[in-house]
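Reader: I have some questions about the terms used for this protein. Please set each value against its cut-off.

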Amino acid sequence: MTAAEFVRATRGAGILALAVAIVVTAGILLGKPSTQAAQVKSEFGAVARYIFIPSRNDPIVTVVERDSDGVVGTLDAGLVPEQVVVSEATRKLVAVDGIARGVSVVDLANGHRLTIELDFTPHRLIASPDGYVVAAADFSVGSVAFVELMRNRVASRMGGLSPIRDLMFGGDGAFLYVVAERLDGIAVIDVARGKLIEEIAVSSLRSANAAGLTRSPSGRMGYVKAQGSRTITLLDLSNFRRVREIEVGRDALKAFPTGFGGYLVVPDNSEQTVTIVANASLTVAAMLKGGAGMTTVHSGWFDTLALVPSATERKLMVYDLDRLSRAPDIALPGSPGPGAVTQDGAKLYLALEDASGVAVIDLQRRVLLRTIAVAPNPVAAIMARSFDVCH
């Protein structure tokens with residue numbers, strides 16, 4: 001469904017006490033009664049308990065405790081974040097703003113913050129599956145730096161690629177897979193050395209202007225979807241080989257695997273369809289009505305649901321994967337942005353970009369539970385680990 005340096009690297013780390021007071025005393029939730037936090041916290045070392053919601057306007061990251069759905073504090077990211085990732089393994093939050101030549105790293109256990117300088121301006125961050133490495137990339141110049149979060153240093157760097165369209169880590173974090181403009185396939189980069197070691201030929205990429213990469217929950221399979229092509233290309237990531245193609249919607253940009261890997265869900269905005277591919281047979285199981293403004297897919301509740309937000313129509317489209325049918329939509333009180341599903345697959349948190357809130361969806365009952373008030377213009381609702389595979 002989004003890397004950079006500090007604009008304000010000299011800002012002190014810590015809690016924005018005034019912002020916390022305003023958020024907490026405002027009642028935390030909009031529209032429904034709130035279970036408020038007992039006290040405002042300043043350390044969030046138990047990372048798995050929290051949802052982190054950065055603001056598009058300020059260096060504020062609102063922190064929500066997932067059991068109570070209450071705001072328990074805020075963090076100062078040191079910059080106005082364009083993108084944020086959170087590592088459970090290192091208990092750190094990493095942010096970029098798309099302006100500064102570096103990344104901001106906040107220690108969630110004590111609030112300490114530092115800047116790791118780069119020789120380019122990152123606009124995209126992705127974390128390795130184990131959470132120990134973050135790739136910071138500038139798509140426009142084809143540069144990627146691999147940051148070790150335990151040592152707070154750049155371990156390796158890859159430059160000289162043509163402009164990047166998309167990238168992803170493999171399942172064990174040893175390799176980064178990249179789609180770039182002047183490549184006829186997928187570049188395989190050795191993360192430890194920052195070196196291109198292989199190129200997997202994918203014919204559909206040769207004439208494509210946009211393409212997306214995803215991987216299976218096991219990390220063994222990769223999925224390549226080029227916009228304008230009617231096929232998903234399946235890759236065996238264990239030996240860097242193309243396996244086969246599956247026909248799907250022409251203008252779909254990504255194929256999203258569900259959390260247990262039972263299905264691929266492929267939204268196509270041009271045709272306004274959602275195609276469901278059964279992974280067991282690698283065949284199209286259903287093509288269902290979609291909507292406008294579809295950018296991502298979530299899944300949950302034991303892999304029985306696919307959830308497709310529509311920013312244009314301000315709703316969450318729900319697909320029953322047991323029945324291979326569309327279930328009733330869930331209306332949202334704002335335009336949905338990126339979100340995350342709890343590891344047990346029970347709740348979905350969606351940032352409401354124009355409503356200064358986060359929607360909480362009960363996936364068992366398929367209802368909007370509540371809206372949590374957060375700092376204005378939230379960028380995303382982020383968890384260190386989600387039921388969804390990291391896309």
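The exchange below goes through the labels one by one, for a model that is predicted.

Reader: What makes up the secondary structure of the protein?

Author: The protein has one helix and 32 strands. Of its 391 residues, 59% are buried. The accessible surface comes to about 15000 Å², and carbon and sulfur atoms account for 49% of that area.

Reader: Why is the contact of Glu88 with Arg385 called a salt bridge?

Author: The term requires a side-chain nitrogen of Lys or Arg within 4 Å of a carboxyl oxygen of Asp or Glu. In the pair Glu88 and Arg385 the closest N and O atoms are 2.9 Å apart, so the label applies. Glu88 sits in the loop between β5 (83-87) and β6 (92-96), and Arg385 in the segment after β32 (367-373), so the pair ties together parts that are 297 residues apart in sequence. The structure holds 22 salt bridges.

Reader: What makes Glu88 and Arg385 partly exposed?

Author: Buried means under 20% relative accessible area and exposed means over 50%, with partly exposed in between. Glu88 has 31% and Arg385 has 39%, so each falls in the middle class.

Reader: How do you know that Asp190 and Arg193 form a salt bridge, and is Asp190 buried or exposed?

Author: Their closest N and O atoms are 3.4 Å apart, and the limit is 4 Å, so the pair qualifies. Asp190 has a relative accessible area of 14%; the cut-off for buried is under 20%, so Asp190 is buried.

Reader: Which classes do Asp320 and Arg323 fall into?

Author: The side chains of Asp320 and Arg323 meet in a salt bridge at 3.0 Å, N to O. Asp320, with a relative accessible area of 4%, is buried, whereas Arg323, with 64%, is exposed. Salt bridges that share partners also join Glu313, Lys315, Arg326 and Asp329 into one network.

Reader: Why do β21 and β24 count as edges of their sheet?

Author: The sheet is open, with four strands in the order β21-β22-β23-β24 and antiparallel pairing. β21 (256-257) and β24 (283-289) each have a single partner strand, so one side of each is left without a neighbour in the sheet.

Reader: How do you know that β21 and β22 pair?

Author: Pairing needs at least two bridges. β21 and β22 (residues 263-268) have two, in the antiparallel sense, so the condition is met. The bridge partner of Phe256 is Val265 in β22.

Reader: What makes β26 largely enclosed?

Author: Six of the six residues of β26 (residues 305-310) are buried, so the strand is largely enclosed by the rest of the structure. Leu305, Leu307 and Pro309 point one way and Ala306, Val308 and Ser310 the other way, all of them buried.

Reader: Which strands pair with β26?

Author: β25 (residues 298-300) pairs with β26 over three bridges, in the antiparallel sense, and His298 stands opposite Leu307. β27 (residues 315-320) pairs with β26 over six bridges, also in the antiparallel sense, and Met317 in β27 is the bridge partner of Val308. In the hairpin of β26 and β27, which has four residues between the strands, Arg314 takes a positive phi near 50 degrees.

Reader: Why is the link from Arg370 to Asp69 called a polar contact?

Author: Arg370 is found in strand β32. Its side chain meets that of Asp69 at 2.7 Å; a polar contact needs N or O atoms within 3.5 Å, so the distance fits.

Technical notes. Residues numbered from 1 in each chain as written. Predicted model: local features only at pLDDT ≥ 70, side-chain atom pairs only at ≥ 80, totals over all residues. Heavy atoms only, no water. Buried < 20%, exposed > 50% of the residue type's maximum accessible area, 1.4 Å probe, protein only. Areas by Shrake-Rupley, 256 points an atom, 1.4 Å probe, with all protein chains shown as cover. Polar contact = N/O pair within 3.5 Å; in protein donor to acceptor, adjacent residues only side chain to side chain.
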